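Here is a friendly walk through one protein chain, with sheets, buried side chains and confidence values in turn. Keep the viewer open as you read.

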Amino acid sequence: MTTVDISQDPVFGIGYSSTSSSGSLWSNSGFQYEWAVAGKPFLSVASDEYQMIRSFVQVNKQQFDNRDDPGEQTLTGWWIRSQRDFSCGAGQLFFEANQAQQSLQDARVLRKFYSSRGVDVWTPGEATLLPAMSLVSGFTSVGTTDIVSADDGSTSYIYGLTGTGVASTQVKRWDGTTVSAVTGWTAAPTSLASTGNAVLGFHSTGIDISNASGSTVTQQWTHALGAGYGWWVKERIIAAFGSDLYALPLGRATGSAPFAVITSGASTDKICAGEGGWTWTSVTAAPGAILAAGYRGSRSAIYSFSVSNTGVATPLSSPVTVAEMPNGEVIKGIRVYLGAFITIVTSSGVRIGTVSADGTVTFGPLTYSNSTVYGDIAAYDRFIYVGASDVGNGTAGCIRIDLSEMDDAGRCAWANDVDTGVTGDVDAVYMFGTTDRVIIGINASGVYQSSTTVLAATGELVTSKIRYSTLEPKTFQLMSVKGTTTDGTIAVSSLDIDNDPTSLYTLSSSSTAEFGLSNTDPVEYFSAKFSFTRSSTDSTKGPTLRGWQTKALPAVTRKQQWRLPLLCFDNEQDRFGNKSGASGSGLSRYQALRAALLTGVPVILQDLVGGESFTVLVEDVQFVQTSPPRNASGFGGVAIIVCREL
């Protein structure tokens, strides 16, 4: 047995450590202390009277849900996340509102998802396959496939360029059943515009017109300005030739054919002599003005021309700049719809704004951020359709924007829409007559139509990443899916950090299913992909997804907590009979414990018997003064320490 002479001062003070920080460590030498806190050593005095308790800190707090859509966090046990509506569109990376959205737009976030292809999400409470698209038989092209629509009062037509460069076969029209050539053009048109009941063809020497009620083509204007292009706005032809813009009414020179020659001089038809290098890209009608957009280099703007009420032959006012785009963002197309909303397609994506009665334009941030969009814009009901070269599968089609779902920042809901299944530039997007059928012209390919009955063969919807508003790891255990799969199937997959899928379950001939998730390792987030397949026996029928739910548990590393009764006297004896101590050592150790509590600084807790150490926060210190137990003397008592691991 080793005896320590307590009549002399110790070589080091009680609780000595190599540093004075809260991370100090104690190392026994001779006298066998059992615990050390903040570099101060102690013997345990665990007994029936003073119990030592070692347990784990609670991980799950009581859940409280103060959102407008309660239910997710009011349940005990599981962390639950669910979705039963997809009608706020795509583009939401994480399935939790950001800090700004938490108070303003939380309900919208719960109706959004990350991406889709071939899926119609616009009916609240369900997601189904979109219509299939197919090439209109006999309506192929080898170049620009500019298309417009016209109506003779009883039949709707789609007119389009075939790109052959021959005037007699350059333009064809389709009545929904039959494709026929429109002949008689003075020269092969290079672009088209619709007046509603007729089609204007712009060619190298003038502008011709073909009435939808027949196949006759007549000249309207002749000029020597080269091939132009134009629009029909407020009963006027707005034509661009180089950087100049003209307003050309129909029927001005009654009885003469062709109508007056357009000149490049001081003609009253010229409404804007554009600056050198300026390119006009789009014209649209506003409530009290005509808006024209264009660009030069990296500068792009929208101009307003006020409209006189005295007749279509009256010249328009001088242009006024009503909107300028951020530097480098070039306008490809604009369209005013429903008298108040303006869609602006740019080299950066699509913006939605508003236009006042005098033509003043106010626009918000990018609703759709992608440079693959094109300038032709169609509209139906509350929706805007914009051509895009990639609608989820690397092929061309269009995106759809819902004007009725706009957030406070001015962004509208959007999602990928119909898919032509071919690659190429989108030259034009139109609706067929007064229906919601989408017609798309693909450059060097042809005219594509959406079916009235046949559904897309496949589609997919990818959820936002679910992380429960925390970066801590979770284990996703269960998933349930509700839908109708009597006609077709819905296959469910999980996506890893590289978006590689892992098959989970396939719904077939069922309406609901709950299944375990194959990968239960702790992860930061989880996302799922739903793959739709239409009926194998009836191409007009497909499955319906109505909602999903995930269940997870926190996978945070459990932390320990201790209630330690420690002997704190001047003179003590260890379990081997060794004695040690010095006058005032008990008080100094107690003061060190008290300081650790008061400062709130983490300290090191050492289990000197078990050989473990932990970084802990001392939450409470109780000092109970008693008569010294056997083999202890001087000032002292029992220090009861409550601490938890960090």
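## A hairpin to start with

Strands S17 and S18 form a hairpin with 2 residues between them, and lysine 234 in the turn has a positive phi of about 50°. The model you are looking at is predicted. The two arms of the hairpin, S17 and strand S18 (residues 236-241), pair in the antiparallel sense over 5 bridges. If you want one pair to find in the viewer, tryptophan 232 has isoleucine 237 in S18 as its bridge partner.

How many of the 5 residues of strand S17 are buried? The count is 4, so strand S17 (residues 229-233) is largely enclosed by the rest of the structure.

## Two open sheets

Next come two sheets. As general background, strands of a sheet pair through backbone hydrogen bonds, either parallel or antiparallel.

One open sheet has 4 strands in the order S9-S10-S11-S12, with antiparallel pairing. Its edges are strand S9 (147-151) and strand S12 (179-182), each of which pairs on one side only. On average, neighbouring strands of this sheet are turned by 30° against each other, direction ignored.

Another open sheet, also antiparallel in its pairing, has 4 strands in the order S13-S14-S15-S16. Here the edge strands are S13 (191-194) and S16 (217-222), and each pairs on one side only. From one strand to the next, the twist averages 25°.

Some strand pairs are set out below, each with a residue pair to look for.

| Strand pair | Bridges and sense | Residue pair |
|---|---|---|
| S9 and S10 (residues 156-161) | 5 bridges, antiparallel | isoleucine 147 and glycine 160 |
| S13 and S14 (residues 198-203) | 4 bridges, antiparallel | leucine 192 and glycine 201 |
| S17 and S18 (residues 236-241) | 5 bridges, antiparallel | tryptophan 232 and isoleucine 237 |

The loop between S13 and S14 holds threonine 195. Is threonine 195 buried or exposed? Threonine 195 is buried because its relative accessible area is 16%, and the cut-off for buried is under 20%. Beyond its neighbours within four places in sequence, threonine 195 is in contact with Leu200, Trp232 and Leu250. Trp232 is the tryptophan that has isoleucine 237 as its bridge partner in S18.

## Residues further along the chain

Leucine 291 sits in strand S22 (residues 289-296). With 0% relative accessibility, leucine 291 counts as buried. Leucine 291 and isoleucine 302 are 11 residues apart in sequence, while their C-alpha atoms are 6.5 Å apart in space.

In strand S37 (residues 474-484) you will find threonine 475. Threonine 475 counts as buried too, at 12% relative accessibility. Its side chain makes a polar contact of 3.1 Å with the side chain of glutamine 477.

Glutamate 619 belongs to strand S46 (residues 612-624). At 38% relative accessibility, glutamate 619 counts as partly exposed. What does glutamate 619 contact, leaving aside its neighbours within four places in sequence? The partners are Leu597, Val642, Cys643 and Arg644. With arginine 644, the side chain of glutamate 619 shares a polar contact of 2.3 Å. Glutamate 619 and cysteine 643 are 24 residues apart in sequence and 5.2 Å apart in space, C-alpha to C-alpha.

## Cysteines

Cysteine 643 is itself buried, with a relative accessible area of 2%. Cysteine 88 is buried as well, at 0%. How many disulfides does a search of the whole structure find? The search finds 0 disulfides. For reference, a disulfide is a covalent bond between the sulfur atoms of two cysteines.

## Confidence

The protein chain has a mean pLDDT of 85, and 87% of its residues reach 70 or more. Over residues 252-258 the pLDDT is below 50, and this stretch has 10 contacts in the model beyond near neighbours in sequence. Residues 66-71 also stay under 50 in pLDDT, with 8 contacts beyond four places in sequence.

Methods. Residues numbered from 1 in each chain as written. Predicted model: local features only at pLDDT ≥ 70, side-chain atom pairs only at ≥ 80, totals over all residues. Heavy atoms only, no water. Pairing = 2+ DSSP bridges. Axes fitted to C-alpha atoms, helices over the stretch in contact; angles between N-to-C directions. Buried < 20%, exposed > 50% of the residue type's maximum accessible area, 1.4 Å probe, protein only. Contact = heavy atoms within 4.5 Å. Disulfide = S-S within 2.5 Å. pLDDT = per-residue confidence, 0-100. Polar contact = N/O pair within 3.5 Å; in protein donor to acceptor, adjacent residues only side chain to side chain.
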